[in-house]
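I opened a fresh page for this structure. My plan is to take the sheet, then the cores, then a few single residues.

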Amino acid sequence: MLVVEWRLVALFLVSAWVMLLDQVSKSVVGRLVPMYGTVDCLGGLLRITHVRNSGAAFGVLQGRQPLLIGAALVAAAVVVVSYPRVSFSNWSARFGLGLGLGGAVGNLIDRLRFGSVVDFLEVGPWPVFNLADTAIVVGVALILVGMMRSPGRKEE
């Protein structure tokens with residue numbers, strides 16, 4: 001039973017770091033960059049563009065806050081319930097779940113506070129996103145890697 005408790009502590013530590021970095025970065029951008037303002041960085045490879053998104057990724061489901069809040073709560077619950085079942089040796093899946101949970105909760109905080117999510121990272125042709133979005137995408141990729149490397153998976 002002690003192993004399960006330490007696994008949950010690790011999950012919450014990773015998630016807390018993601019939420020903290022996400023919320024601090026959004027706060028800094030909110031103070032330094034006016035809404036719809038843009039600052040070029042890294043020779044134009046990265047732009048800090050302060051916008052709000054009332055939808056999900058790529059602007060889908062605009063204005064559907066109750067649905068998006070509910071989806072974030074369900075996703076968080078699924079991560080917390082499923083996390084103890086992940087093999088201790090499957091670090092990529094465990095870390096990925098922590099990243100995903102932190103990202104989902106980071107964006108949920110924005111939805112509850114502002115009715116939309118603060119986005120500010122703009123790279124190339126991609127829509128503007130934030131650190132929480134990045135944590136979710138990297139988290140899902142790590143979960144997939146963990147699933148492919150799972151000791152119970154048969155090699156073909």
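Two strands count as paired if DSSP finds at least two bridges between them. I need that rule before I look up which residue stands opposite which. I also note that the model is predicted.

**Entry: the sheet**

I looked up the strand order. Three strands form an open sheet, in the order β1-β2-β3. The pairing is antiparallel. I remind myself that strands of a sheet pair through backbone hydrogen bonds, either parallel or antiparallel.

Which strands stand at the edges? They are β1 and β3. Each has a single partner strand, so one side of each is left without a neighbour in the sheet. On average, neighbouring strands are turned by 30° against each other, direction ignored.

**Entry: the two pairings**

How many bridges join β1 to β2? I find four. Strand β1 covers residues 38-41, and β2 covers residues 46-53. At this pairing, Cys41 stands opposite Leu46 in β2.

Next I checked β2 against β3. Six bridges hold this antiparallel pair. Here Val51 stands opposite Asp119 in β3.

I then asked what lies across the sheet strands. Helix α3 lies across β2 and β3. It runs at about 130° to β3.

**Entry: two positive phi angles**

Most residues other than glycine have a negative phi. I looked up two residues that depart from this.

Leu42 is not a glycine, yet it has a positive phi of about 50°. Where is Leu42? Its place is in the loop between β1 and β2. That hairpin has four residues between the strands. Is Leu42 buried or exposed? Leu42 is exposed, because its relative accessible area is 64% and the cut-off for exposed is over 50%.

Tyr36 is not a glycine either, and its phi is positive, at about 70°. Tyr36 sits in the loop between α1 (2-32) and β1. Its relative accessible area is 63%, so Tyr36 counts as exposed too.

**Entry: the nonpolar cores**

I remind myself that in soluble globular proteins, nonpolar side chains tend to be buried together.

Which residues make up the largest nonpolar core? There are eight: Leu11, Ala76, Val79, Tyr83, Val86, Ala93, Leu97 and Leu101. Helices α2 (65-82) and α3 (91-114) each supply at least two of them. Helix α3 gives the most, with three residues.

A second, separate core has six residues. Among them are Leu46, Ile48, Phe120 and Leu121. I have met Leu46 before, opposite Cys41.

I went back to Val86 in the largest core. Not counting residues up to four places away in sequence, Val86 touches Arg7, Ala93, Arg94 and Leu97.

**Entry: Ser116**

Where does Ser116 lie? It is in the loop between α3 and β3 (117-123). Buried or exposed? Ser116 has 8% relative accessibility, so it counts as buried; the cut-off for buried is under 20%.

What does Ser116 contact? I left aside neighbours within four places in sequence. The list is Arg52, Asn53, Ser54, Gln65, Asp110 and Arg111.

**Entry: rings**

How many aromatic pairs does the structure hold? The count is zero. I did find a charge over a ring: Arg52 lies over the face of Phe114. The distance from the ring centre is 4.4 Å. Arg52 also appears in the contact list of Ser116.

Terms used. Residues numbered from 1 in each chain as written. Predicted model: local features only at pLDDT ≥ 70, side-chain atom pairs only at ≥ 80, totals over all residues. Heavy atoms only, no water. Helix = DSSP H or I, 4+ residues; strand = E, 2+ residues; numbered from the N terminus. Core = buried A, V, L, I, M, F, W, Y, C linked by side-chain atoms within 4.5 Å. Buried < 20%, exposed > 50% of the residue type's maximum accessible area, 1.4 Å probe, protein only. Contact = heavy atoms within 4.5 Å. Phe/Tyr/Trp six-rings, centres within 6.5 Å; stacked < 30°, edge-to-face > 60°. Lys NZ or Arg CZ within 6 Å of the ring centre and 35° of its normal. Axes fitted to C-alpha atoms, helices over the stretch in contact; angles between N-to-C directions.
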